[in-house]
Amino acid sequence: MVDPQPSRRAPDAKPTHATDAGPARATNAGPGRLLIAVYILFAIAATSRAGLQIATKFDEAPVAYLLSAVAALIYIVAAVGLARAGHTGRRVALACCSVELAGVVGVGVLSLVDAELFPDETVWSGFGSGYGYIPLVLPVLGLLWLWRTRTRTGSGTDAPIAA
């Protein structure tokens, strides 16, 4: 008997071409939910801290306080990107995690090399030491999660989502 739908594969069959790539696994499922929750927690913490510092003592360390506000914004946008999942959400989260990692490493190095640049701490000062180094670990975990949930192709290799 001829299969009436020849293009239909068994549920456990692997894709046969690169064009049959399966969808990316959702970034907002499983451990991704915990990652999103931590990003939301840090968004609230950084927003609150930056808002209070900017409102009450901005003239003491404007660069430090504005950097904390930038960190807060990045945490918010990263959380939204991870929560949205999908192609656009993944790209937004990838950009945010990359900028966040560069920021925490850059500000961390600068705050250790020349402490006078930051008369008051930022979220990223000392590689996030004021927050238990979570600001340093969080973008690494985000990037690892995005890599782990990327699209898989049928060629036996894993490829990132095409641009």
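**Exercise 1. Determine where Leu94 sits, whether Leu94 is buried or exposed, and which residues Leu94 touches.**

Leu94 is placed in helix H3, where helices are DSSP runs of H or I with at least four residues, strands are runs of E with at least two, and both are numbered from the N terminus. The model is a predicted one, in which local features need pLDDT of at least 70 and side-chain atom pairs count only at pLDDT 80 or more, while totals for chains, interfaces and linings use all residues. Residues are numbered from 1 along each chain as its sequence is written, and side-chain values use heavy atoms, with hydrogens and water left out.

Next comes accessibility: Leu94 counts as partly exposed because its relative accessibility is 44% (buried means under 20% relative accessible area, exposed over 50%, partly exposed in between, with a 1.4 Å probe and protein chains only). Once residues up to four places away in sequence are set aside, Leu94 touches Leu143 and Leu146, contact meaning heavy atoms within 4.5 Å.

**Exercise 2. Describe how H3 and H4 cross, and which residues make the contact.**

Begin with the axes, which are lines fitted to C-alpha atoms over the stretch in contact, with angles running from 0 to 180 degrees between N-to-C directions. Those of H3 (residues 86-113) and H4 (residues 134-148) come within 9 Å and cross at roughly 150°. H3 is therefore roughly antiparallel to H4, given that angles over 145 degrees count as roughly antiparallel, under 35 as roughly parallel, 65 to 115 as roughly perpendicular and the rest as oblique.

From H3, the residues in contact include Arg90, Leu94, Cys97 and Leu101; from H4, they include Pro135, Leu138, Leu143 and Leu146. By class, the contact residues divide into 13 nonpolar, two polar and two charged (Ala, Val, Leu, Ile, Met, Phe, Trp, Tyr, Cys and Pro count as nonpolar, Asp, Glu, Lys and Arg as charged, and the others, Gly among them, as polar).

**Exercise 3. Check the span of H1, and state what covers its buried residues.**

The expected span of a helix is 1.5 Å times one less than its number of residues, so the 27 residues of H1 (residues 31-57) should span 39 Å, which agrees with end C-alpha atoms that are 38 Å apart. Among the buried residues of H1 are Leu35, Ile36, Tyr39 and Phe42, and what covers the buried residues of H1 includes H2 (62-84), H3 and H4.
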